[in-house]
Amino acid sequence: MRFRDYLERDIDDVFLNEDEFAEGHNLNGTVAKAVIQSPTARESFLSNGSHVSNDGLHGVSVFVHCKLKDIPEIPSQGNVFRLDGDVYIVQSATEEDGLVSIELRAEARGGVDGWLS
């Protein structure tokens, strides 16, 4: 068995295993197993994962990890992306060894009550 075969098996058996980390999510209209990762407070501070801009917009980032073959396409930066019905903007999307990682950002004007959707 090749190393790449082990990686693919680990993606299914461990990382995207619904008994371990993954859950079913609606990813832009496609239901698929995915891991949704919200940055910790420290990660947010260090990577600007949550922010307040000069124009009063508050934002939050989330990361979606899923299998490439479970979604119709890799979303492009700047496109709207719906995660379980919530609206986000794609900040980045990368694929490596069949696993797609998508960084999403949502912004609100004036705090949490004003989330854009």
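**A surface patch, a hairpin and the overall fold**

Met-1, Phe-3 and Tyr-6 together form a nonpolar patch on the surface. Their combined accessible area is about 400 Å². The model is predicted. Of these residues, Phe-3 lies in helix α1, which spans residues 3-15. Phe-3 has a relative accessible area of 63%. Phe-3 therefore counts as exposed, since the cut-off for that class is over 50%.

The hairpin of β1 and β2 was examined next. Strand β1 covers residues 23-27, and strand β2 covers residues 30-37. The two strands run antiparallel. They are joined by 5 bridges. One of the bridge pairs links Leu-27 to Thr-30 in β2. Between the strands of this hairpin lie 2 residues. Asn-28 adopts a positive phi in the hairpin, near 55 degrees. In a regular strand, side chains alternate between the two faces of the sheet.

At the level of the whole protein chain, the secondary structure amounts to 2 helices and 7 strands. Their order along the sequence is α-β-β-α-β-β-β-β-β. The protein chain has 117 residues, of which 32% are buried. Contacts were also considered by sequence separation. Among those between residues at least 6 apart in sequence, 52% join residues at least 24 apart. The exposed area of the protein chain is about 7600 Å². Carbon and sulfur atoms supply 48% of that area.

Conventions:
Residues are numbered from 1 along each chain as its sequence is written. This is a predicted model: local features need pLDDT of at least 70, side-chain atom pairs count only at pLDDT 80 or more; totals for chains, interfaces and linings use all residues. Side-chain values use heavy atoms; hydrogens and water are left out. Two strands pair if DSSP finds at least two bridges between them. Helices (H or I, at least four residues) and strands (E, at least two) are DSSP runs, numbered from the N terminus. Patches are made of residues with over 30% relative accessible area and no salt bridge: like charges are joined within 9 Å, nonpolar side chains (Val, Leu, Ile, Met, Phe, Trp, Tyr) within 5 Å. Accessible areas come from the Shrake-Rupley method with a 1.4 Å probe; for residues, only the protein chains shown count as cover. A salt bridge is a side-chain nitrogen of Lys or Arg within 4 Å of a carboxyl oxygen of Asp or Glu. Buried means under 20% relative accessible area, exposed over 50%, partly exposed in between (1.4 Å probe, protein chains only). Contact means heavy atoms within 4.5 Å.
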